[in-house]
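Reader: I would be grateful for a close look at a single part of this model. Please treat one helix and its surroundings in detail.

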Amino acid sequence: MVLDRPALAAGARGAAPVLLGIVPFGVITGVAMVASGIPPLEAMAMSVIVFAGASMMACAQLLSQGTPALLIVLATLFINLRFMMYSASLRLHLAHLPLGWRLLVAYLQADNVYGLTLSHFSDRNLSLSEKLGYFLGAGVPIWLAWQAAVLGGVVIGAGVPASWRLEFAGPLAFIAMTIPLLRDRAMVAAALAAGLVVIATAALPLRLNVMIAAVVGIAVGLILERKRTV
Amino acid sequence: MSLWLTIAGMAAVTYALRASFLVLPPSVETPPLLRRGLRYVPAAVLTAIWAPELLLQDRVLFLALENERLLAGAVAIAAAWRWRLTSVTIAAGLLALHFFDWLI
């Protein structure tokens, strides 16, 4: 597969404005990880090999509450389930790439890259190498900016006083990610149900309440959606 | 050591999810119910993670005007609704947290 240079450049141009939004979140994630007690080396290793901001933020929060490793991994699975959707949808465009390229595309998947790529693909008739070029042109700078931002946060984080209460940036970032998703009644109901259930079952051990809340929330969303369409 | 295991586990499940459909042969179809169920995952899971940080204290519901995290969270939700920018939401929430902390 020969990389298409104009497509790479187009991807990089598409990614440029998005970088402005990635950097603060990366810095905050780095700060939150170090503030919760994750050492700098482990924080950077997680950033490079996991490369998923929301689950890293959740891991920091769960670790500071003494959650066992297995449940943190389970929480990661639930939080990152959306990547399965991205995988399914990117596959519609990139299924015919050699397996090696598809494995690289899988690694670079992130909310921003996915959004940019799919909106670019939607109104154009592109060849397979142009599609790959655009994805990589957007995905690689976003990956680099994210890692640099997390590193910045990890370095600053080590010297931030506890009285600044920057650990609250974790839940705040999740609020910022959740609210724009609430575009229809079923989605609002799913979030509300999950919020109510997680509080009502808070006495359960091992933060099982998060898993139960997620399952109830998804079920409520599906039921409401069905009622409206039937 | 346990932290490295945690990181390895997180990396494995995350990569497995990202690769899940991309590694399938082009002929395979996605089941419709799975596709629809996955749509609600981010909103439900993320809410289940931030709601306790606002509403609980020592695992007990803390619904009071003295709860500065709840008040700051309400400000952050309003900011997220109005501007839809991560940086604005976080800045508003942190400023509100310190303001209510000082006020109470």
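Author: The account below takes helix α4 of chain B as its centre and then turns to the interface and to chain A. The model is predicted, so local features are reported at pLDDT of at least 70 and side-chain atom pairs at pLDDT 80 or more, while totals for chains, interfaces and linings use all residues. Residues are numbered from 1 along each chain as its sequence is written, with chains lettered from A and ligands numbered from 1 in the order in which they are written.

Helices here are DSSP runs of H or I with at least four residues, and strands are runs of E with at least two, numbered from the N terminus. α4(B) contains 16 residues and spans 22 Å from its first C-alpha to its last, close to the expected 22 Å at 1.5 Å a residue; the expected span is 1.5 Å times one less than the number of residues. Its buried residues are B:Arg69, B:Leu71, B:Ala72, B:Gly73, B:Ala76, B:Ile77, B:Ala79 and B:Ala80. A residue is buried with 20 or more other C-beta atoms within 10 Å of its own, exposed with 12 or fewer, and partly exposed in between, C-beta atoms being placed from the backbone. These buried residues pack against α3 and α5 of chain B and α9 (169-178) of chain A. After α4(B) comes B:Arg84, with a positive phi near 55°.

The wider interface brings 59 residues of chain B into contact with 74 residues of chain A, contact requiring C-beta atoms within 7 Å. On the chain B side, the elements giving two or more residues are α1 (2-19), α2 (32-39), α3 (41-55), α4 (68-83) and α5 (86-103). That side has 39 nonpolar, 13 polar and seven charged residues.

Elsewhere in chain B, B:Asp58 has a positive phi of about 50° although it is not a glycine. B:Asp58 occupies the loop between β1 (56-57) and β2 (60-61) of chain B and is exposed, with 6 other C-beta atoms within 10 Å.

Chain A offers a counterpart for discussion. A:Phe51, in the loop between α2 (40-49) and α3 of chain A, has a positive phi near 50°. A:Phe51 counts as buried because it has 21 C-beta neighbours inside 10 Å.

Key. Contact = placed C-beta atoms within 7 Å. Nonpolar A, V, L, I, M, F, W, Y, C, P; charged D, E, K, R; others polar.
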